[in-house]
Amino acid sequence: MSVVVREAELSDAHGVARVEIEAWRDTYPALLPSAHLVGGLDMARRTVFWRHRLSHRSGLRTVVGAVNSRGPVVGYATWGPCRVDTLASGGQLFELYLLPDHQGRGLGRRLCAAVGERFLKAGVSSMCVEVLEGNPNRFFYEAIGGRLAARAGHRFAGTILPTLIYAWDDLELLVGERAR
Ligand SMILES: CC(C)(COP(=O)(O)OP(=O)(O)OC[C@H]1O[C@@H](n2cnc3c(N)ncnc32)[C@H](O)[C@@H]1OP(=O)(O)O)[C@@H](O)C(=O)NCCC(=O)NCCS
């Protein structure tokens, strides 16, 4: 089975919603309220949300990892202009989620490199990502060359959760690592 990284299409909305829901429920039970992880992640509603996102009306772009290109979506990443005021980063990786069965096989690195490549093509040479401090997967960003650049907080369900911001100052390095 080969997983191909490509631009997301409108028809991927259901597949991306499935990855989002499964990955959130697997990753965040200790960090986010179970009411959100159970009732708040409804497949029909999230598919409608992703149809809007993937129609590009939100301004964010999405790449997916899909089995044999046309097969099921197993991971996705979203990206756009940096929203962290205190950072000089040009771009931001907003979301990166893989189905649990597809983690640990290099797809996360490939999706990050694909996002980096798209930023470079757009003339943007740096990027950042904001991750919940309690998410052990933050070490993934360190493993692929991100430097801890700032601490912040993200409001979620009425509570501000501590976050870390990782930055890549030279995306050529991240993109060049793709073949590893
Ligand atoms: C985090 C995530 C995107 C990483 O993708 P992945 O495909 O599992 O990671 P890769 O296989 O590409 O790993 C790349 C490198 O990071 C390392 N790594 C991956 N996850 C790690 C972790 N949790 N802790 C430490 N290192 C990690 C790998 O060992 C590998 O290092 P190496 O190349 O030196 O051997 C994926 O595991 C995932 O979707 N997790 C759940 C959702 C999540 O937490 N997303 C981030 C929200 S901001």
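The following exchange goes through a predicted model and asks how its descriptions are justified.

Reader: What makes the sheet an open one of 7 strands, and what is the order of its strands?

Author: The strands follow the order 1-2-3-4-5-7-6, and their pairing is mixed. Strand 1 (3-7) and strand 6 (147-156) stand at the edges, and because each has a single partner strand, one side of each is left without a neighbour in the sheet. From one strand to the next the twist averages 25 degrees.

Reader: How do you know that strand 1 and strand 2 pair, and in which sense do they run?

Author: Two strands count as paired if at least two bridges are found between them, and strand 1 and strand 2 are joined by 5 bridges and run antiparallel. Within this pairing, Glu7 has Val63 in strand 2 as its bridge partner. Strand 2 and strand 3 also pair in the antiparallel sense, over 6 bridges, and here Arg61 stands opposite Trp79 in strand 3.

Reader: What makes strand 6 and strand 7 a pair, and what lies between them?

Author: The cut-off is again at least two bridges, and 9 bridges join strand 6 to strand 7 (residues 159-168), the two running antiparallel. Arg151 has Leu164 in strand 7 as its bridge partner, while Phe156 stands opposite Thr159 in strand 7. The two strands form a hairpin with 2 residues between them, and Ala157 in the turn has a positive phi of about 50 degrees.

Reader: Why is Val67 called partly exposed?

Author: A residue is buried if 20 or more other C-beta atoms lie within 10 Å of its own and exposed if 12 or fewer do, with partly exposed in between. Val67, which has its place in strand 2, has 15 other C-beta atoms within 10 Å and is therefore partly exposed. Strand 2 as a whole is mostly covered, since 5 of its 7 residues are buried.

Reader: Which residues is Val67 in contact with, leaving aside its neighbours within four places in sequence?

Author: With those neighbours left aside, Val67 is in contact with Met1, Val3, Pro72 and Val74. In the case of Val3, the two residues are 64 residues apart in sequence and 4.4 Å apart in space, C-alpha to C-alpha.

Reader: Why are Asn68 and Ser69 both called exposed?

Author: The limit for exposed is 12 or fewer C-beta neighbours. Asn68 has 10 of them inside 10 Å and so counts as exposed, and Ser69, with 12 other C-beta atoms within 10 Å, is therefore exposed as well. Asn68 is found in the loop between strand 2 and strand 3, and Ser69 is found in that loop too.

Reader: What makes the phi values of Asn68 and Ser69 worth a remark?

Author: Most residues other than glycine have a negative phi. Asn68 has a positive phi of about 50 degrees although it is not a glycine, and Ser69, also not a glycine, has a positive phi of about 70 degrees. The hairpin of strand 2 and strand 3 to which Asn68 belongs has 5 residues between the strands.

Reader: Why does Ala152 count as partly exposed, and which residues does Ala152 touch?

Author: Ala152 is found in strand 6, and with 17 C-beta neighbours inside 10 Å it falls between the two limits and therefore counts as partly exposed. Not counting residues up to four places away in sequence, Ala152 touches Glu130, Thr163 and Ile165.

Reader: Which residues have the most contacts inside the largest nonpolar core?

Author: That core has 40 residues, and those with the most contacts inside it are Val16, Tyr76 and Ala77. Leaving aside neighbours within four places in sequence, Ala77 is in contact with residues including Val63, Leu93, Leu111 and Val115.

Reader: How many residues surround the ligand, and what is the character of the shell?

Author: The ligand is surrounded by 20 residues, of which the closest are Gly108, Arg109, Asn137, Phe139 and Ala143. The shell divides into 11 nonpolar, 7 polar and 2 charged residues. Helix 1 (13-27), strand 4 (91-98), helix 4 (107-121) and helix 5 (138-143) each supply at least two residues of it. Helix 4 also lies across strand 1, strand 2 (61-67), strand 3 (73-81), strand 4 and strand 5 (127-132), and runs at about 155 degrees to strand 4.

How values were computed
Residues numbered from 1 in each chain as written. Predicted model: local features only at pLDDT ≥ 70, side-chain atom pairs only at ≥ 80, totals over all residues. Near = placed C-beta within 6 Å. Helix = DSSP H or I, 4+ residues; strand = E, 2+ residues; numbered from the N terminus. Nonpolar A, V, L, I, M, F, W, Y, C, P; charged D, E, K, R; others polar. Axes fitted to C-alpha atoms, helices over the stretch in contact; angles between N-to-C directions. Contact = placed C-beta atoms within 7 Å. Core = buried A, V, L, I, M, F, W, Y, C linked by C-beta atoms within 7 Å.
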